[in-house]
Amino acid sequence: HQLSIVLGVVWYGTRAAQGQVAQRFSGTGQPTRGEPDADGKAKARRLTSGIKKVHSAEKLIEVLDRTVDGPIFNFFHASAAYTQLVTLKRRKGLQQREWDSPVLLRLHARVEDMVLEEQVGARETANIFWSIAQLSGRLSIPTQLLAALVKSVPTKVKGMDEQNLSNTLWACAKLKEVAPGVLEAVPAIVAQIPIIATDMVQQALSNCLWAVGQLKDEAPEVLEAVPAIVMQIPKKAQKMVPQDLSNNLLACAQLNDDVPEVLDMLPAIVGEIPAKLQGMKPQEMSNSLEALVLLRDSVPEVGGVDDILSSAAERLNTLLPNLRGKDFSFTVPVVVWACAKAGVYDGDLLSSVAQRLGSRTKLSALPDFGVC
């Protein structure tokens with residue numbers, strides 16, 4: 001993950017360089033501020049719709065080039081623009097060359113100004129923060145904009161709903177390696193979770209718990225949010241999708257030494273797996289089984305683990321012929337290891353795996369732990 005350094009700008013550097021970029025590539029030099037009239041408001045609504053409807057990065061850049069420095073562009077448009085960039089990335093329609101466009105540099109600079117001038121609402125702050133985290137996987141980070149967002153989060157968290165709050169905490173966990181400054185936002189987010197946890201839907205709860213597991217070493221205060229989250233999860237477990245169940249199990253394995261009460265939710269989570277195992281993606285299945293095996297001694301009264309492992313082995317055997325890439329090189333070793341660790345024997349799976357790995361070339365596709 002390469003940080004975006006614009007003409008020497010760094011995380012806590014000046015904004016002059018990025019401002020120069022904005023002025024250099026802007027038709028007017030300086031952004032024009034002002035409250036739009038009735039006609040302007042209609043144009044603003046059309047711009048929001050236009051941003052959301054674009055189907056390519058080139059078209060979005062074209063729309064922003066005409067509008068990002070003008071008086072109509074506001075925080076709704078900023079949020080819509082970054083959300084649309086995430087959509088385009090998911091569709092493989094956004095590459096580094098488009099992301100490095102001078103127009104998007106102007107977008108970063110304009111939105112940074114808006115954030116620093118308190119023109120961006122709580123929901124939009126969360127959306128832009130989340131979008132930058134989503135975009136960070138293969139693209140560089142607009143570090144000055146992100147720093148401004150981090151600075152603004154403590155003043156916005158009380159206005160965030162449960163989804164905004166969980167998305168912002170998730171974004172901090174996602175960005176911590178490439179932008180450690182995001183950790184400064186964590187205490188303010190954590191302080192709100194006990195207040196709003198009862199309103200969280202199952203995805204928000206699982207996202208928060210996953211984020212806690214990722215952040216606990218760098219920001220240990222995040223552990224204070226665990227009891228409030230754990231109290232709600234059994235009430236929402238029935239509606240959880242496979243990814244939620246997998247994330248919660250993995251978080252249990254990561255957190256049980258630091259916050260033992262996290263194990264209180266385990267029976268409710270384990271009870272949902274048999275019905276949803278068939279819908280799990282390979283990675284979700286391997287993460288779940290690894291966590292179950294690691295936790296089975298901590299909560300021996302939770303039954304059904306061996307049956308889950310047997311069902312998972314049977315399903316993996318069905319999926320095996322079509323598994324490729326990481327779904328093969330990571331999922332297969334983990335499931336076989338989990339079954340062996342628990343003493344669950346599935347001869348059909350072992351035979352299929354041996355057949356699939358019947359050459360040195362195929363074995364070389366596995367990481368070291370997989371071969372072991």
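Me: Let me fix the terms before we start: buried means under 20% relative accessible area, exposed over 50%, and partly exposed in between, with a 1.4 Å probe and protein chains only. What kind of model is this?

Reply: This is a predicted model, where local features need pLDDT of at least 70, side-chain atom pairs count only at pLDDT 80 or more, and totals for chains, interfaces and linings use all residues. Residues are numbered from 1 along each chain as its sequence is written, and side-chain values use heavy atoms, with hydrogens and water left out.

Me: Great. How many helices and strands does the protein have?

Reply: There are 21 helices and 2 strands. Both are DSSP runs numbered from the N terminus: helices are H or I with at least four residues, strands are E with at least two.

Me: And what share of the residues is buried?

Reply: Of the 372 residues in the protein, 54% are buried.

Me: Which residues have the most contacts inside the largest nonpolar core?

Reply: Leu107 and Phe129, in a core of 124 residues. A nonpolar core here is a set of buried Ala, Val, Leu, Ile, Met, Phe, Trp, Tyr and Cys residues joined through side-chain atoms within 4.5 Å.

Me: What does phenylalanine 129 touch?

Reply: Leaving aside residues up to four places away in sequence, Phe129 touches Leu146, Leu149, Val150, Val153, Thr168, Ala171, Cys172, Leu175 and Val182. Contact means heavy atoms within 4.5 Å.

Me: New topic, pockets. What volume does the largest pocket have?

Reply: About 770 Å³. Of its 21 lining residues, Trp170, Trp210, Gln243, Asn247 and Gln283 are the closest to the centre. On the method: on a 1 Å grid over the protein atoms alone, a cavity is a set of points where a 1.4 Å probe fits but cannot get out, a pocket is an open set with protein on both sides within 12 Å along at least five of seven lines, and lining residues have an atom within 4 Å of a point. Grid points are joined across faces, edges and corners, and a volume is the space filled by probe spheres set on the points.

Me: Which helices supply at least two residues of that lining?

Reply: α7 (122-135), α9 (162-175), α11 (202-215), α13 (242-255) and α15 (282-295). The largest share, 5 residues, comes from α13.

Me: Is serine 206 buried or exposed?

Reply: Ser206 counts as buried because its relative accessible area is 0%. Serine 206 lies in helix α11 and touches Asp244, Asn247 and Asn248, again not counting residues up to four places away in sequence.

Me: OK, charges now. How many salt bridges does the structure hold?

Reply: It holds 13, each being a side-chain nitrogen of Lys or Arg within 4 Å of a carboxyl oxygen of Asp or Glu. Lys59, Glu62 and Arg66 are linked in a network of them.

Me: What does lysine 216 form a salt bridge with?

Reply: With aspartate 258, the closest N and O atoms being 3.1 Å apart. Lysine 216 is in the loop between α11 and α12 (226-236) and aspartate 258 in the loop between α13 and α14 (266-276), so the pair ties together parts 42 residues apart in sequence. Lysine 216 is buried at 16% relative accessible area, whereas aspartate 258 is partly exposed at 40%.

Me: And glutamate 118, which lysine does that pair with?

Reply: Lysine 156, at 3.2 Å between the closest N and O atoms. Glutamate 118 sits in the loop between α6 (102-116) and α7, and lysine 156 in helix α8 (residues 143-156), 38 residues away. Lysine 156 is buried, since its relative accessible area is 11%.
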